[in-house]
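Trainee: I should like to learn how to read a protein model feature by feature. May we take the features in turn?

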Amino acid sequence: MHDSSFDVVVVGCGIAGLSAAVMAQQNGARVAILERAPKDERGGNTRYTESLWRMKSVDAVSEDFLDKFAANAGGWPDPGIVQEAVLDRDCQPRVLRSLGVVDPQVVAAIADDAPKAIAWLADFGIKFDDIPMYFLSQSTTRMGPIGGGLALVEALGGYADRQSDDIKFFYETAARALIIDDTGRVAGVEAIGDGNVPLRITGSNVVLACGGFQGNPEMLSHYVGPQSQFIRPVSRGGHYNRGEGVRMALNVGAAPCGDFGSFHAQPVDPRSMDMEPVVMNYNLGVLINDSGKRFTDEGPAMVDATYEVVTRLIMGERNGIAYAVFDASLDEVENWNVTVRSRVPPMQGATLMELAVEMGVDAQEFNRTIDAYNAACPSSDGFDPLVLDGLSTTNVNPKKSNWARPIVVPPFRAWPVICSNCFTFGGVKIDEQARVVNTEGDIIPGLYAAGEVAGLYYRVYTGATSVMRGAVTGRMAGADAALRRNSTS
Ligand SMILES: Cc1cc2nc3c(=O)[nH]c(=O)nc-3n(C[C@H](O)[C@H](O)[C@H](O)COP(=O)(O)OP(=O)(O)OC[C@H]3O[C@@H](n4cnc5c(N)ncnc54)[C@H](O)[C@@H]3O)c2cc1C
C-alpha cells in the first residue's frame, strides 16, 4: 500500500476542491488533491457549467438572494426553531446545531464571501461579466466568469499544477473512507488508485469536495426513489460524483443537511449529446405528454424561476417525457433560439397530424388538446415574451397564465423534453468555516465539506448559487484547514 502525508488532503477537484487546495497552499499548507477522473477530465460538474452566479454586480449578490433562500427552505418550519436559528451558533441548543435546515448563517456567509471570491478569482485571470444565457429574460440578476466553469478549472488547476512542490495531484484516485485517529480526529483518507491499488493519504485536515451522488444509482435509488437512477446527469462530469464524500462523512457521524430526496432538475432534449442540452422555450408553446394531453401551466412565471418545478412534473408523466410544441409563430420571437441548447433539429410536421406521428403520441387526443387550448387563448395583442404579459387562457384545464397564443400556423414543431439531474441536494451540515458538524452539534475535528457535499438546498434550488457555494465553502475550508494544520482541535 502507498502511504503519503500532507497538511491538507482535498478530495475532488471541481470549484470547491480547487478553491480549498489553492487557498490552503496560499496559507502555507502542503496539499494533496485526490481526483477520480484523469487529468484531462478533471473538474467534475464545474468543468461543464456555464457557472452563473446570482450577483447584481461583482460587489454584491442579487437583491433577492436571502429572501429566495428563505422562500425555498421548504415545508412549514417550527417557528421556535426559526427563532433560534439566528442565535450565535455557540448559543444555539444542541438539537438545533445539528439540525438539517437551510442555515441562515451559512447562507449569509456565502453572500458575504461571494464578492471576495470573485476578487480572489480575478488574481488568477478570471473576469466576471454579464454572460449569454438560455433565458430570454429573468426574474433576478446573474453574472458569470467569462469562459464558464472550464475557465475556473483551468485557472485554479493551472495555478495548482505550477505549485508542484506544495500541491500534489493524485489522478484516477478515488477516496473511499476517512482515517480517524485515537482522539476522534480525522487524519486522512483511504483511497483506491488505478488498477485497484489501495492508498493511504494522511494529513491533519481533510476537505471533502467530491460532489453529490448524481452518478451513483444505488444512492439515488436509496434516497431519491427507485426511478431516479434513470434520470441521467445533465453532463458528463456528474457521472464522476458517486457520493463517497457524503457517505464518508455520514459514516463518521456527520449531521445530514440538504434535501436527500431531491436534486436540481433541468429540462433537456433526450436525443442530444450536447453538454447541457436544455429546452427552455416551452413557455412560448404548450407541453404535451405521451398521451397527447397538456398537464401543466406552461407559463406560471418567468422560466428561470419555474423550470425546476415544471421539469419535476415532466418527470412524473408517463415514460418521464413531454414535448414542447409550437407553431411557426415561434420564429417571431427575437432570439428564441438561445433558449434551446440541443442542436438536434426539432420534430416537424406540415399538419398537427404529421407532428403527432413524429412525436409518437395519439393523434386524435393531440388534436383535441390543441383545439381546446386554441379555443381558450385570448387575442394575441400585447404578447411580450420578455415580461409576464398576462395573456392567459380561459376555460381550459390546465390554465396557461402567460404567453398564451394559439397553435395554428404551419409548420408545427416539437422538442422532446426529459428531466435531467444537475446535482443532488443531500449533503452534510457545515458551519461558517465549512467545518463538518456531527449529529450531536459538535465539530468533527479535522473534517471539512465544500461544494455539493455541503448540503444547502431543500425542495427548490435557489438558481445560480451552486458554483458560488463551491468557491466560497472551498475557500473557507482551505483557509481554516491551513490555519489548523498543526492543531489538535
Ligand atoms: C451543465 C451544468 C450547468 C450548471 N449550471 C450552473 C450555473 O449556471 N450556476 C451554478 O451555480 N451551478 C451550476 N451548475 C452546478 C454546479 O456546476 C455544480 O454544482 C458545482 O460546480 C459543483 O462543484 P463541486 O466542486 O462541489 O463539484 P464538482 O465540480 O462536481 O467536482 C467534484 C470532483 O470530485 C471528483 N470526485 C468525485 N468523487 C471522488 C472521489 N471519491 N475521490 C476523488 N475524487 C472524486 C469528481 O471527479 C470531480 O472532479 C451546473 C452544472 C452543470 C453540470
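Mentor: Let us begin with the domains of this predicted model. The C-alpha centres of domain 1 and domain 2 lie 35 Å apart. The domain assignment gives domain 1 as 2-262 + 425-483 and domain 2 as 268-420.

Trainee: How many residues does each domain bring to the contact?

Mentor: The contact takes 16 residues from domain 1 and 21 residues from domain 2. On the side of domain 1 that touches domain 2, the classes are 10 nonpolar, five polar and one charged.

Trainee: Let us turn to helix packing. At what angle do helix 1 and helix 12 cross?

Mentor: One looks at the distance between the axes and at the angle between them. The axes of helix 1 (residues 15-26) and helix 12 (residues 466-483) come within 7 Å and cross at roughly 30°. An angle under 35 degrees counts as roughly parallel, so helix 1 is roughly parallel to helix 12. Their crossing is right-handed.

Trainee: Which residues of helix 1 and helix 12 meet?

Mentor: On the side of helix 1, the residues include Ile15, Ala16, Gly17 and Ser19. Among those they meet in helix 12 are Val467, Gly470, Ala471 and Arg475. By class, this contact of helix 1 with helix 12 has 13 nonpolar, six polar and one charged residues.

Trainee: How is helix 1 placed against helix 6?

Mentor: The axes of helix 1 and helix 6 (residues 148-162) come within 10 Å, with a crossing angle of roughly 30°. Helix 1 and helix 6 are therefore roughly parallel to each other. Here helix 1 passes helix 6 in a left-handed crossing. Ile15, Leu18, Ser19, Ala21 and Val22 of helix 1 meet residues of helix 6 including Gly149, Leu152, Val153 and Leu156. The residues of this contact divide into nine nonpolar, three polar and no charged.

Trainee: Are helix 10 and helix 11 roughly parallel or oblique to each other?

Mentor: The angle decides. Helix 10 (residues 352-359) and helix 11 pack at about 125°, with their axes 9 Å apart. Helix 10 and helix 11 are therefore oblique to each other. Helix 10 passes helix 11 in a right-handed crossing. Leu352, Met353, Ala356 and Val357 of helix 10 make the contact with Ala363, Phe366, Asn367 and Ile370 of helix 11. By class, those residues are seven nonpolar, one polar and no charged.

Trainee: I should next like to examine the backbone. Which features deserve attention?

Mentor: Most residues other than glycine have a negative phi, and most peptide bonds are trans. We may therefore look for exceptions to that general pattern.

Trainee: What kind of peptide bond joins asparagine 397 and proline 398?

Mentor: That bond is cis, with omega about 0°. Proline 398 lies in the loop between helix 11 (363-376) and strand 16. A cis peptide bond also joins proline 410 and proline 411, where omega is about 0°. Proline 411 lies in the loop between helix 11 and strand 16.

Trainee: Where does asparagine 395 lie, and what is the value of its phi?

Mentor: Asparagine 395 lies in the loop between helix 11 and strand 16. Its phi is near 60°, a positive value in a residue other than glycine. Arginine 459 likewise has a positive phi, of about 60°, although it is not a glycine. Arginine 459 is found in the loop between strand 19 (443-449) and helix 12.

Trainee: Is asparagine 395 buried or exposed?

Mentor: One counts the C-beta neighbours. Asparagine 395 counts as exposed because it has 8 C-beta neighbours inside 10 Å. With 16 such neighbours, arginine 459 counts as partly exposed.

Trainee: Is asparagine 421 buried or exposed?

Mentor: Asparagine 421 is found in strand 16 (residues 412-424). It is buried, because 24 other C-beta atoms lie within 10 Å. Among the residues that asparagine 421 touches are Gln214, Ile231, Arg232 and Phe263.

Trainee: Lastly, how should I compare separation in sequence with separation in space?

Mentor: Set the two numbers side by side. Valine 95 and threonine 439 are 344 residues apart in sequence and 8.6 Å apart in space, C-alpha to C-alpha. Asparagine 421 and arginine 475 are 54 residues apart along the chain, and their C-alpha atoms are separated by 26 Å.

Key:
Residues numbered from 1 in each chain as written. Predicted model: local features only at pLDDT ≥ 70, side-chain atom pairs only at ≥ 80, totals over all residues. Domains from an automatic or database assignment. Contact = placed C-beta atoms within 7 Å. Nonpolar A, V, L, I, M, F, W, Y, C, P; charged D, E, K, R; others polar. Axes fitted to C-alpha atoms, helices over the stretch in contact; angles between N-to-C directions. Helix = DSSP H or I, 4+ residues; strand = E, 2+ residues; numbered from the N terminus. Parallel < 35°, antiparallel > 145°, perpendicular 65-115°, else oblique. Left-handed = near helix turned anticlockwise from the far one by under 90°. Buried ≥ 20, exposed ≤ 12 C-beta atoms within 10 Å, placed from the backbone. Lists of a residue's contacts leave out its neighbours within four places in sequence.
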